[in-house]
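The following paragraphs offer a guided reading of a predicted model. Please keep the sequence and the coordinates in view while reading.

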Amino acid sequence: MSIRIREIRIGKEELRKMYVNRRVAVKMRCKDCCAGSNLAIQACDAAKCPLFLMRMTGIWPRANTESSRENHRKHAIRDYCLHCMNGQRQFIHECIDIQCSLWEFRSLK
Ligand code: SF4
Ligand code: SF4
C-alpha cells in the first residue's frame, strides 16, 4: 500500500503535515462530505457515489487481498474525481484543490 506524506503550505507557512494512504484519504473525504459527522457517514444513502461501499472502512467489501482492495480504491477515487470534474477527465490532472484528501491520489498511478 502506498503511504505518502501530506504537506499543505501557504507561502512559507506549513499548515498541516500528515501521513495518508488511499484508505485514509477515502475516509477523510467522507468526513469532509459529512461535515465531520461519523453518524452522517453511516447514514449516507448516496449509493451511486463511487466511495459509498468503502465509506466507513476504506475497504472494498468484496475484495479479499490487499492488492485488489488497493486497486478498487484507486479506481473508486478516480471515478469520484471524474464525477467532481463533471466527467471532464483532463481537468482531474489540473485540479488545484490541495485541501481535498484525494488530491495526491487523483491519478491512477
Ligand atoms: S460515500 Fe460519497 S456521498 Fe457518502 S459520505 Fe462518502 S463521499 Fe459523501
Ligand atoms: S482531488 Fe480534485 S478532482 Fe478529485 S475530488 Fe478532490 S477536488 Fe475533486
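In this predicted model, the discussion may begin with ligand 2. Helix 3, which spans residues 66-84, supplies the largest share of the shell around this ligand, namely 3 residues. The full set of surrounding residues comprises the cysteines Cys-81, Cys-84, Cys-95 and Cys-100, together with Tyr-80, Met-85, Ile-92, Asp-97, Leu-102, Trp-103 and Arg-106. Sorted by class, this shell holds 9 nonpolar and 2 charged residues, with no polar ones.

Ligand 1 may be read in the corresponding way. Here helix 1, covering residues 22-33, gives the most to the shell, again with 3 residues. Around ligand 1 lie the cysteines Cys-30, Cys-33, Cys-34, Cys-44 and Cys-49, accompanied by Arg-29, Ile-41, Ala-46, Leu-51, Phe-52 and Arg-55. The class composition of the shell around ligand 1 is 9 nonpolar, no polar and 2 charged residues.

The two helices named above also meet each other. The axes of helix 1 and helix 3 come within 10 Å and cross at roughly 40 degrees. Because of that angle, helix 1 is oblique to helix 3. The crossing of helix 1 past helix 3 is left-handed.

At this contact, helix 1 contributes Arg-22, Arg-23 and Val-26, whereas helix 3 contributes Glu-70, Arg-73, Lys-74 and Ile-77. The residues of the contact between helix 1 and helix 3 divide into 5 charged and 2 nonpolar, with no polar residue among them.

Notes:
Residues numbered from 1 in each chain as written. Chains lettered and ligands numbered in written order. Predicted model: local features only at pLDDT ≥ 70, side-chain atom pairs only at ≥ 80, totals over all residues. Near = placed C-beta within 6 Å. Helix = DSSP H or I, 4+ residues; strand = E, 2+ residues; numbered from the N terminus. Nonpolar A, V, L, I, M, F, W, Y, C, P; charged D, E, K, R; others polar. Axes fitted to C-alpha atoms, helices over the stretch in contact; angles between N-to-C directions. Parallel < 35°, antiparallel > 145°, perpendicular 65-115°, else oblique. Left-handed = near helix turned anticlockwise from the far one by under 90°. Contact = placed C-beta atoms within 7 Å.
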